[in-house]
Amino acid sequence: MHGLTFDIAHLLAGSLVLVSFMQLYQDRLYALLNIFALHALVLAASVAWQAFIQDAPHLYVTAGIALIFKAIVIPIVLHRIIVRLGIHREIETVVGVGPAMLLGMGLVALSMVVMLRVTAEADPLAREDLAFALAVVLLGLLMMVTRRNAVSQVIGFMSLENGLVLAATGAKGMPLVVEISVAFSVLIAFIVIGIFLFRIRERFDTVDVQALDRFRGERR
Amino acid sequence: MTVVYALYGVAALLALAPIAIFLGAGPRATNIVYGASLIITAGLGVNALLGLFDHPATTSGVTLPLGLPWLGAHLRIDALAAFFLVVVNLGGAMASLFALGYGRHEESPQRVLPFYPAYLAAMNLVVLAADAFTFLVSWEFMSLTSWALVIAHHRDRENLRAGYVYLLMASFGTLALLLAFGLLAGPDGNYAFDAIRATHASAGLAALVLILAVVGAGSKAGVVPLHAWLPLAHPAAPSHVSALMSGVMTKVAVYGFVRIVFDLLGPPDWWWSMVVLAVGGITAVMGVLYALMQHDLKRLLAYHTVENIGIIYIGLGLALAFKANGMAVAAALALTAGLFHVFNHSVFKSLLFFGAGSVLNATGERDMEHLGGLIHRMPQTAFVFLVGCVAISALPPLNGFVSEWLTFQAILLSPQLPSWGLKFLVPAVGALLALSAALAAACFVKAFGVSFLGRPRTPAAANARETDSNSLAAMYFLAALCLVAGVLPGLFIDALAPVANVLVGTSMPHQSGLAWLTIVPIAESRSSYNGLLVFIFVVLSGSAAVFAIHRLASDRLRRAAAWDCGYPDPSPATQYTASSFAQPIRRVYGTSVFHAREIGAMPPPGATSAARLTVELRDLIWDFAYAPVAGFIGYAADRLNVLQFLTIRRYLTLVFTALVLLLLVLATWP
Amino acid sequence: MALIRDFAFQGAQMVLVLLLSPLLTGFVRKVKARLLRRQGPPLLQPYRDLIRLMRKDVVLAQSASWLFRVIPYIVFAGTWVAASLVPTFRSGLLFSWSADLIAIIALLGSARFFLALAGLDVGTSFGGIGSSREVMIASLAEPAMLMIVFTLALVAGSTQLSTMAAVMVSGEVGLRVSLGLALLALIMVAIAENARIPIDNPATHLELTMVHEAMVLEYSGRHLALIDLSSELKLLLYVSVIGCLFTPWGIAGPDAGAQALAVGVATYFGKLAAGGVLLAVFETAIAKMRVFRVPAFLGAALMLGLLATLLLFVSGSL
Amino acid sequence: MTLDALTGVLLIPAIAAALLAVLPGYRLTARLNVLAAFLTFATAVSLFVVQPKSGPYLLVDDLNKVFIVLTTFVAFTTSAFSASYIGHEIEIGRLTPTYVRFYHAMYQTLMFAMNLALVANNIGLMWVAIEMATLTTVLMVGIYRTHEALEAAWKYFILGSVGIALALFGTILVYMAARPVIGEGLYAMVWTVLVTRSAEFDPALLNVAFVFLLLGYGTKVGLAPLHAWLPDAHAEGPTPISAVLSGLLLNVALYALLRFKMLLALNSAAIAPGPLMVTMGLISCVFAAFMLYRRRDIKRMFAYSSIEHMGIIVFAFGMGGPLANFAGLLHMTMHSLTKSAIFYAVGHIAQVKGTQKIADMGGLTVTNPVLGWGLVLGVVAIAGLPPLGIFMSEFLVVSSTFARQPGLAVILVLGILIALGGLFLRLNSIAFGEPRGPTAPAQASYVPMFAHLSIVFMAGIYMPPALVTGFENVAKLLG
């Protein structure tokens with residue numbers, strides 16, 4: 001019994017990492033969106049599974065949020081934004097896909113090394129999960145820093161946060177998980193609205209130095 | 001008891017500062033503030049003097065519940081402190097008296113009056129302090145108040161720059177001292193001086209502390225190469241403050257040095273003296289050479305302060321050398337020489353700055369090239385200024401000579417020193433001292449001759465007015481003091497005996513008992529000097545000559561045009577100027593020290609334009625010590641400033657990198 | 001009784017140097033003239049010059065200040081006092097301990113200080129030239145002189161001229177390298193200080209290379225007389241210093257009898273004469289050097305003095 | 001939960017925020033704002049009289065008492081300052097009444113969030129509170145709706161969110177480390193429980209957790225290289241918010257960091273948190289010192305000086321030991337007071353001159369003596385010159401460090417010196433020299449500014465024994 005539960009949990013967590021890699025691989029926005037939806041889907045599945053094996057019903061809420069909000073609502077909204085801003089066929093990676101993948105490998109390895117030093121009596125499930133979660137977090141961050149496009153950076157941030165949720169749900173009996181996932185959804189909503197309202201076109205970094213000079217008197 | 005009285009005085013001065021703010025800017029405010037500080041500092045001086053003479057009573061401290069919580073503010077007067085308190089408050093009282101007249105011409109008194117008493121109080125507190133924290137607070141407070149006084153005339157960009165450099169160097173020195181005290185106090189923080197005395201630092205630490213003390217106190221005293229701020233800041237302040245900064249504050253810095261090195265640091269190592277001696281010798285000569293190249297009167301005086309600090313350090317270095325080799329008597333002689341010079345310099349440097357201030361008031365000029373002939377318009381100022389010049393040039397029968405004579409006597413005792421380094425260094429330092437003395441005389445011939453003698457070079461100089469009675473009173477008093485200290489040095493040497501007793505364990509032989517008030521450093525067979533007799537001799541023979549000639553030969557006198565080998569030129573422009581007077585010496589020393597170059601631009605044949613001779617001087621110390629630092633900071637600031645203009649993604653990259661780095665640290669953690 | 005005697009000797013010394021100094025100058029001039037196959041002025045010419053100048057009116061420049069009129073007396077007094085403290089024919093003078101050799105040098109220094117001021121007082125270009133060059137020369141000569149003093153003081157263990165002379169005359173000193181160096185340096189300094197060839201030319205006017213004469217150009221009458229007298233005193237002083245330090249033989253002790261005193265006086269005259277002749281020969285043999293060669297000359301003197309001192313510091317016996 | 005001072009410091013701002021959100025009228029709301037802030041402060045002070053017992057959610061001990069009182073006090077004075085500041089903003093029409101209402105509501109919300117973060121006994125709750133504080137400040141930074149304001153707000157928002165995420169991950173890890181020892185559920189996140197058992201936690205987990213917490217909350221503290229949001233947020237928001245950010249929010253984040261440092265310090269097997277903090281502190285100090293030199297915007301300059309001082313404080317706490325901890329606490333207090341005072345002055349100056357460009361202001365001591373000298377005094381204090389309080393703390397930090405780690409102390413001293421150079425370089429042209437720019441007299445209340453400065457001045461000369469013992473206890477607590 002236990003073996004099976006473990007394996008399924010591992011399977012889901014590992015596939016989450018895998019999906020993160022697939023995200024890194026994409027350089028077209030639509031594709032990226034779809035992959036992210038998949039990411040959220042896998043997360044929802046693993047959270048649900050955790051809810052099941054820990055028989056902690058409140059985790060189902062989290063799973064639900066992940067499913068509805070992240071896997072459906074956000075992608076649709078972002079899709080519309082992309083259309084609105086007309087940036088759907090941009091190639092906007094800073095470093096090429098290859099190097100990004102390599103970096104990703106390195107990060108996964110790093111997170112394994114860091115996490116597996118944890119002594120085993122912290123129960124193995126948590127340990128493996130944490131390793132995967134850390135990997136997902138790092139990959140999300142990597143995504144944020146290797147993409148120029150606001151939308152894909154949001155996606156990066158969200159997959160980072162998926163990693164957090166994975167860790168949180170993996171942490172058996174952790175209180176406030178639901179609250180935290182809600183809080184994060186709010187945060188993301190803010191970001192998306194921000195992009196939408198402030199017309200942040202291609203990227204966050206429209207930091208036009210000239211404009212800064214003019215306005216802030218920070219001329220060099 | 002002395003301490004308590006002193007504290008009352010300091011408190012009164014501190015209270016005077018906020019009062020001054022509300023008194024505003026009128027002449028009334030000036031009179032009140034300077035009058036009050038005159039009275040208070042005079043009282044403090046007398047108090048300290050009494051303390052110096054019956055000093056067993058004075059070595060008593062008080063501890064106020066101020067400053068560091070679990071330590072409190074320790075305040076204490078021992079002989080050393082008492083002596084320096086005398087110096088400080090004598091200078092303070094005279095400056096206040098002078099300012100009673102001078103201050104009336106101040107254009108922005110409200111920027112001077114509040115800080116002036118606070119400055120005096122701070123200098124007193126530095127000397128009174130008996131724990132590291134109180135000492136440093138007062139020390140930096142002293143810098144702060146004087147900084148405010150330096151930028152009193154802040155509309156002049158130069159003054160602002162001077163103040164800026166000054167504050168930076170002052171804080172640099174303070175931080176160096178802070179580190180020194182950090183070492184002395186040890187990890188569990190025994191900041192009280194008594195506790196520090198009780199523990200003896202290891203040789204390595206002591207060496208570090210010595211270096212830090214030389215740097216920290218030196219940057220305040222203005223030893224080369226840390227002197228750069230001094231000639232900028234001292235002239236920028238109002239003249240009575242310049243007098244205080246040059247005549248008194250540098251002495252407070254010397255006090256800090258003596259307190260740390262002779263008192264707190266424990267038995268000296270043999271090579272310490274070499275550091276101090278080398279610094280002193282170089283400072284003396286460089287200072288006077290810089291001074292010779294100046295034609296701004298106050299800046300010239302400021303550079304001379306650097307020179308005299310060098311002389312003082314030479315005395316202290318010799319004392320250190322003798323002390324390290326257990327030659328207590330010689331050490332006492334050298335230390336007394338150094339401290340006596342401290343007193344002398346504070347007297348005649350204040351006098352000279354007062355004179356410069358009076359000239360500034362009378363003509364609005366600091367540049368000697370625009371002065372001249374003032375002896376006709378301001379005879380009294382000229383007379384006292386002349387006295388100051390003779391005194392600072394170390395010429396008998398005035399006081400400057402006595403202290404340098406004592407230093408020479410100390411040098412003559414040094415062949416007994418065992419260490420070879422000293423055997424080579426001391427004669428060289430002696431030569432440097434002699435050189436600086438001779439150059440100082442040259443420099444003051446220039447200073448007095450160009451600004452007071454000759455014919456007026458500008459209308460301002462031609463229409464100068466004699467300065468007011470208060471200023472004159474202050475200057476006459478100091479001039480008289482120069483003479484008294486010159487002809488009756490025995491009294492002062494005896495007064496310094498307790499200080500020497502405290503610091504090197506013994507003192508010079510008692511002088512006041514000797515016949516004709518002679519001074520005898522070691523033994524009469526070795527050397528002796530009697531300023532009084534020499535003075536009387538000179539006066540007698542001089543007046544005898546006058547009497548004889550006027551009685552027996554002629555006393556007739558006709559006025560006529562100057563002879564000048566038959567080519568008299570009415571234009572005052574044909575006189576020797578300051579720079580032309582310095583030209584031979586510039587040729588001799590300047591070419592190497594300042595890379596001095598003279599560029600003569602002749603007009604093309606037939607052109608009627610004038611030929612120009614321009615002189616280029618480079619301050620190598622600035623170029624090679626200060627400019628690079630400033631350059632580096634500017635460079636680094638520019639490079640780092642890029643980080644202000646990154647894009648959010650790049651900032652995220654920074655965060656990401658930091659995270660990965662830390663995780664790597666963890667991964668590689670044993 | 002003894003006190004009165006000492007007073008008498010001190011007075012005698014003062015009068016003696018005052019009276020002898022013009023004679024020495026006259027003597028040097030005479031010898032120089034002879035060496036040049038000239039008749040030369042009579043020996044007593046300097047006295048005549050002085051008296052004549054004394055009688056003349058003083059013509060004072062309009063721009064001259066009170067200081068200008070005081071300075072000659074200060075210079076004279078300072079030099080005279082300095083000269084009268086140097087043991088000439090009898091050591092242990094009453095007041096010799098009131099100023100040691102360093103103080104004597106410093107007294108001359110103050111005399112020079114005021115003289116240089118006088119050069120600037122009237123505000124003419126010549127005076128300026130003179131003063132500026134004078135102080136430049138002094139700035140090297142004085143340290144050199146002090147180094148020499150150091151050397152001798154280290155040998156004698158004292159800076160008191162009487163004691164030094166006593167030590168020198170007692171054979172214990174012997175011949176020393178450092179003393180030789182010191183003597184050489186002292187002669188060079190003496191030449192510079194007394195404005196002799198090759199540093200300066202006491203006999204010229206209206207020449208851009210002159211130093212001392214340019215400084216006192218504006219003086220006339222009794223003032224000029226005093227200035228001249230003091231420079232003559234200065235020459236005498238240096239000769240007697242050299243005499244009392246390097247050839248101390250014959251100087252009578254503090255409690256010497258009449259015959260010893262006679263010897264002392266005789267030897268002193270001898271020393272003066274010898275010094276005068278040597279100086280004259282030297283001056284006629286050598287040409288005046290350019291002003292900006294002077295620093296090298298005096299720098300050499302300074303280096304010699306420093307070297308001598310160093311030798312004594314490093315090993316007491318050299 | 002019972003109604004005591006502890007809940008008071010939370011309820012008062014909450015209620016006030018609700019009220020202010022609906023009440024109209026600038027005068028009334030401003031007064032109410034001040035009143036609420038004062039009540040909160042009074043309640044906080046009462047914590048010293050009667051110490052309520054802490055529950056699983058809320059906690060009060062010596063450590064956070066200091067923070068709470070400091071926070072509420074500065075919040076109170078700032079509200080007084082903001083009353084006069086906002087008045088002027090309305091006059092010149094930079095803010096509409098609607099925005100002012102929003103502003104006041106947000107102000108109290110921020111107070112609530114910060115107090116919650118300080119009294120939270122549950123690390124999850126603490127995290128939520130800090131996130132809340134961040135979001136509110138983001139909204140206030142962007143309140144002027146200018147291009148640069150939005151730019152700054154956005155930057156702050158993104159970097160802040162990432163920081164929050166990292167901090168959360170750290171928090172989760174701490175829970176994971178605690179769970180095997182304490183058992184599942186609430187108590188594995190309760191601070192007071194964690195402290196007692198942390199020696200048995202898994203060190204490796206704690207290490208990773210601390211790394212994430214250091215970076216997450218360090219972003220809020222403004223440690224380089226995570227500081228990027230701070231200067232712009234200070235420069236573009238309303239000045240009262242700059243004061244609150246520098247004076248309070250940084251401290252709150254620092255407080256969180258300290259809590260976790262204690263946790264790690266108690267576990268001997270885990271890595272020593274000290275070196276990490278020392279390193280980041282030194283980097284921030286020196287880096288910010290250099291950044292001061294090329295500043296053109298007065299508020300941004302003082303923001304960088306905040307970074308520098310946060311560096312010094314983190315350095316001190318990283319060094320540890322009773323003396324250094326004491327110095328760190330003292331420095332933090334003094335810095336909050338001084339820096340907010342400076343921002344009060346700067347706010348009025350910017351209003352008088354109508355700009356924040358240093359190049360357009362000059363000779364303030366001539367045109368507006370009180371403001372000018374106030375600023376000079378503030379800069380003198382912040383530069384660490386005596387006789388003001390920061391000198392004492394810097395004295396303690398440096399002298400106590402130099403005996404243990406000479407190299408570090410030297411670097412720190414250099415940083416301080418360079419910073420002093422940068423500050424006075426600008427001060428010269430702002431306060432002295434020929435007057436430049438408009439010279440209208442400022443209609444301002446100088447009370448808050450001089451209140452702070454006089455406290456700092458007093459502290460530099462005389463520290464009341466009660467305060468000293470309090471700080472000493474905390475220093476011991478921090479180990």
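The following exercises, with worked solutions, concern contacts between chains in a predicted model.

**Exercise 1.** Determine how helix H7 of chain B and helix H17 of chain D are oriented relative to each other.

*Solution.* Step 1: locate the helices; H7(B) spans residues 157–185 and H17(D) spans residues 406–431. Step 2: consider their axes, which come within 10 Å and cross at roughly 160°. Step 3: apply the cut-off, by which angles over 145 degrees count as roughly antiparallel. H7(B) and H17(D) are therefore roughly antiparallel to each other. Step 4: assign the hand of the crossing, which is right-handed.

**Exercise 2.** State which residues of H7(B) and H17(D) meet, and classify them.

*Solution.* Step 1: list the contributors from H7(B), among them Leu160(B), Tyr164(B), Ser171(B), Phe172(B) and Leu179(B). Step 2: list those from H17(D), including Ala409(D), Val413(D), Gly421(D), Phe424(D) and Asn428(D). Step 3: sort the residues of this contact by class, which gives 13 nonpolar, three polar and no charged.

**Exercise 3.** Describe the side of chain B that touches chain C.

*Solution.* Step 1: establish the extent; 70 residues of chain B are in contact with 75 residues of chain C. Step 2: identify the elements of chain B that each supply at least two residues, including helix H17 (399–412), helix H22 (531–552) and strand E3 (557–560). Step 3: find the largest share, which is the 16 residues from H18(B). Step 4: classify this side of chain B, which has 44 nonpolar, 17 polar and nine charged residues.

**Exercise 4.** Describe how E3(B) pairs with strand E1 of chain C.

*Solution.* Step 1: locate E1(C) at residues 58–61. Step 2: count the bridges and note the direction; four bridges join the two strands, which run parallel. Step 3: name a facing pair, Arg558(B) opposite Val59(C).

Key:
Residues are numbered from 1 along each chain as its sequence is written. Chains are lettered from A and ligands numbered from 1 in the order in which they are written. This is a predicted model: local features need pLDDT of at least 70, side-chain atom pairs count only at pLDDT 80 or more; totals for chains, interfaces and linings use all residues. Axes are lines fitted to C-alpha atoms, for helices over the stretch in contact, and angles run from 0 to 180 degrees between N-to-C directions. Angles under 35 degrees count as roughly parallel, over 145 as roughly antiparallel, 65 to 115 as roughly perpendicular and the rest as oblique. A crossing is left-handed if the near helix is turned anticlockwise from the far one by less than a right angle, and right-handed if clockwise. Two residues are in contact if their C-beta atoms, placed from the backbone, lie within 7 Å. Ala, Val, Leu, Ile, Met, Phe, Trp, Tyr, Cys and Pro count as nonpolar, Asp, Glu, Lys and Arg as charged, and the others, Gly among them, as polar. Two strands pair if DSSP finds at least two bridges between them.
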